[in-house]
Structures are given as structure tokens and as C-alpha cells.
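These are my notebook entries on the points I looked up in one model. I set them down in the order in which I checked them.

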Amino acid sequence: MGFVLPALDNSQVEREICSFIRRKVEGAGARGLVIGLSGGLDSSVVAYLAVRALGADRVRALIMPDHRVTPKEDLNDAWAVAGELGIEAKEVDIAPMCDAIVERHPYRVEDNLVAMGNVRARVRMVLLYYVANVMNVLVCGTSDKSEIMIGYFTKYGDGGADILPIGDLYKTDVRRLARYLGLPDRIASKPSSPRLWPGQTAEGELGVSYDVIDPTLYLVYEKGHRPEEVASRIGVSLDVVNAVIRRVEGSRHKRAMPPFPSLSHLRLS
């Protein structure tokens with residue numbers, strides 16, 4: 001690979017994110033945070049940062065596997081992170097809830113992988129916001145900048161959150177930060193996956209690695225380089241660079257409020 005994403009000062013990143021978390025929680029008059037803890041890289045890093053910002057007693061975790069999809073090692077890692085941090089965690093199997101939604105749906109379609117995967121993500125969001133409502137805490141999202149920019153999240157699912165502490169860190173940055181924070185290597189190095197269906201991995205589904213995605217996003221959208229130049233600097237084909245750009249452009253609706261027509265000019269007085 002010809003170009004590597006420039007490093008950040010992780011000590012300063014930690015301070016900035018912890019300060020951000022404290023400001024947002026205090027500004028909302030909330031008692032703390034609730035995090036959907038999956039045992040993966042992003043949610044584990046966010047949990048570590050949340051505890052450093054607020055203390056373990058102000059952070060709660062919901063571990064929400066679907067027993068048919070979630071690997072046992074992810075479940076074990078989620079509980080290990082909660083135990084290491086000393087945060088209160090509860091586990092709920094979302095499979096019965098997801099099945100109830102689909103089985104009773106008048107437009108039910110058998111074996112629609114993507115639709116069922118998105119149901120899983122949105123059920124998790126509902127469960128997190130229930131905690132937020134009854135405990136006066138904020139839902140702490142775990143999406144990173146790479147996922148947000150290319151639209152690799154479920155709208156109103158894992159995209160539903162009150163704050164996104166690592167939302168300005170590329171996946172590469174998050175892995176580096178994980179090692180700085182002292183997360184176990186098995187988590188820091190774990191392949192990214194939302195685990196919405198069996199065998200799903202982010203890079204497998206996207207068809208390109210974050211070692212390519214992150215430099216492409218950085219060079220195109222932060223540095224303003226032309227796609228041809230980016231392809232040359234990274235050492236990939238122009239088709240690959242354009243595929244990443246298409247994902248960004250095609251997912252803009254996921255990062256915006258729903259559109260509505262402008263009607264104020266029609267007012268009669």
C-alpha cells in the first residue's frame with residue numbers, strides 16, 4: 001500500500017473525546033450513558049472512553065445478541081470488556097423480538113437477509129432508548145467516521161444515537177486508539193462486522209479493506225485530491241476509488257434529516 005493514513009496524537013484524542021462526552025452529558029442534564037456493547041472494536045473503544053470520561057458508575061451497557069447470528073466469542077468479549085471496566089451490563093437475546101416483528105408483518109417476505117438484518121439493528125436501538133428514557137441517560141453511539149461516510153450503518157438502527165464520540169475517527173484511527181487505550185489485541189485486531197447475519201464482515205460485504213477506504217476518504221474529502229491521483233498514491237485501481245466515492249455520495253440521505261418541501265412562501269399573510 002503506497003499511502004498510509006497519517007497518525008493522530010492519541011493522548012490528545014482521548015482528552016478531547018472525554019471532554020466532549022462530559023459536556024454533552026452535563027448539557028443534557030443526563031445521569032450518564034448507555035452503550036450497546038457488542039464485543040467488537042468500536043463499541044469496546046467507546047466503552048473505555050466513556051468510563052474514563054464519566055466513571056464506571058455512570059455508564060451502562062446492553063449486550064444484545066441474536067443467538068442465531070452472534071458468535072460466542074463476541075458475547076464473551078462484550079462481557080469481558082464490561083467486567084474489565086466495572087460497568088453494569090445486562091444481556092437480552094433479541095431473536096424473539098425480531099421474529100415477532102417479522103412474523104406478524106403484513107408484508108412479510110421469507111428469508112430477506114438485509115431486511116431482517118436491519119430489523120435486528122433497529123430493535124437494538126429501541127432497547128437502548130428504553131434505557132435512556134427510564135434512567136435519564138444518553139444513548140452513546142459507536143459508529144466511526146469510515147462507517148458514517150460510506151453509509152455502512154442502519155438508518156434509525158445503529159445510526160440512532162444521541163452522541164457519536166468516535167464519529168470523527170476513521171476505522172484505522174480507532175484501531176490505533178484501541179491499542180493506545182490498552183484494549184486486548186483480540187478486540188483491537190478483530191475484523192469489523194455489525195453481525196446482522198451469519199458470517200457477515202464489513203470488509204467482505206464492502207469488497208474493499210479499510211486500509212484502502214480510509215486513505216481514500218481522507219485524500220478525497222479532507223485533502224481535495226482528484227480520484228486519479230488518489231488511486232496512484234494508494235496503489236489501487238481508479239475503479240476502487242470511484243466505488244468508495246459512490247458509497248459516500250449514495251448514502252448522503254442516511255446522514256441527513258428526511259427531506260421536506262419548502263412551503264413557507266405559500267403563506268397568505
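**Entry 1. Leu-75**

I looked up the contacts of Leu-75 and found that it touches Ile-63, Pro-65 and Glu-91, leaving aside residues up to four places away in sequence. The model is a predicted one, and I read every value below with that in mind. I placed Leu-75 in helix α3, which covers residues 72-85. Is Leu-75 buried or exposed? I recorded a relative accessibility of 15% for Leu-75, and it counts as buried because that value is under the 20% cut-off. I also checked Leu-75 against Ser-38, which is 37 residues away along the chain, and noted 6.9 Å between the two C-alpha atoms.

**Entry 2. Ser-44**

I next turned to Ser-44, which I found in helix α2, residues 41-54. Its relative accessibility is 0%, so I entered Ser-44 as buried. Which residues does Ser-44 touch, when those up to four places away in sequence are not counted? I listed Leu-37, Gly-39, Val-81, Leu-183 and Ile-187. I then looked at the polar side-chain atom of Ser-44 and noted that it lies 2.7 Å from the backbone oxygen of Gly-40.

**Entry 3. The chain as a whole**

I stepped back to the overall fold. I recorded twelve helices and four strands in the protein chain. Along the principal axes, the C-alpha atoms fill a box of roughly 55 × 50 × 50 Å. Why may the chain be described as a compact globule? I reasoned that a compact globule of 269 residues would have a radius of gyration near 18 Å, and the 19 Å of this chain agrees with that. Of the 269 residues, I noted that 48% are buried. I also looked at how far apart in sequence the contacting residues are: among contacts with a separation of 6 or more, 75% join residues 24 or more positions apart.

**Entry 4. The largest pocket**

I looked up the largest pocket and noted a space of about 410 Å³. Two elements each give two or more residues to its lining, namely α4 (95-103) and α5 (113-135). Which element gives the most to the lining of the largest pocket? I found that α5 does, with six residues. In total I recorded 20 lining residues, and those nearest the centre of the pocket are Val-102, Val-109, Asp-111, Asn-112 and Met-116. By residue class, the lining divides into ten nonpolar, seven charged and three polar residues.

**Entry 5. Asp-111 and Asn-136**

Asp-111 had appeared among the residues nearest the pocket centre, and I returned to it. I placed Asp-111 in the loop between α4 and α5. I entered Asp-111 as exposed, because its relative accessibility is 77%, over the 50% cut-off. I then checked its backbone and found phi near 55°, a positive value in a residue other than glycine. I marked this for attention because most residues other than glycine have a negative phi.

I found a positive phi at Asn-136 too, near 55°, and this residue is likewise other than glycine. Where does Asn-136 lie? I located Asn-136 in the loop between α5 and β4 (138-140). With a relative accessibility of 38%, Asn-136 counts as partly exposed.

**Entry 6. Arg-233**

I placed Arg-233 in helix α11, residues 227-234. Its relative accessible area is 37%, so I entered Arg-233 as partly exposed. Leaving out residues up to four places away in sequence, I listed Gly-2, Phe-3, Leu-219 and His-225 as the residues that Arg-233 touches. With His-225, I also noted a polar contact of 3.5 Å between the two side chains. How many residues along the chain separate Arg-233 from Phe-3? I counted 230, with the C-alpha atoms 5.9 Å apart.

**Entry 7. Asp-239**

My last check was Asp-239, which I found in helix α12, residues 238-250. Is Asp-239 buried or exposed? I entered Asp-239 as exposed because its relative accessibility is 60%. I also looked up its separation from Glu-147, which is 92 residues away along the chain, and recorded 20 Å between the C-alpha atoms.

Terms used. Residues are numbered from 1 along each chain as its sequence is written. This is a predicted model: local features need pLDDT of at least 70, side-chain atom pairs count only at pLDDT 80 or more; totals for chains, interfaces and linings use all residues. Side-chain values use heavy atoms; hydrogens and water are left out. Buried means under 20% relative accessible area, exposed over 50%, partly exposed in between (1.4 Å probe, protein chains only). Contact means heavy atoms within 4.5 Å. A polar contact is a pair of N or O atoms within 3.5 Å; within protein, one must be able to donate a hydrogen and the other to accept it, and residues adjacent in sequence count only if both atoms are side-chain atoms. On a 1 Å grid over the protein atoms alone, a cavity is a set of points where a 1.4 Å probe fits but cannot get out, and a pocket is an open set with protein on both sides within 12 Å along at least five of seven lines; lining residues have an atom within 4 Å of a point. Grid points are joined across faces, edges and corners, and a volume is the space filled by probe spheres set on the points. Ala, Val, Leu, Ile, Met, Phe, Trp, Tyr, Cys and Pro count as nonpolar, Asp, Glu, Lys and Arg as charged, and the others, Gly among them, as polar. The radius of gyration is taken over C-alpha atoms; the globule rule is 2.2 Å times the number of residues to the power 0.38.
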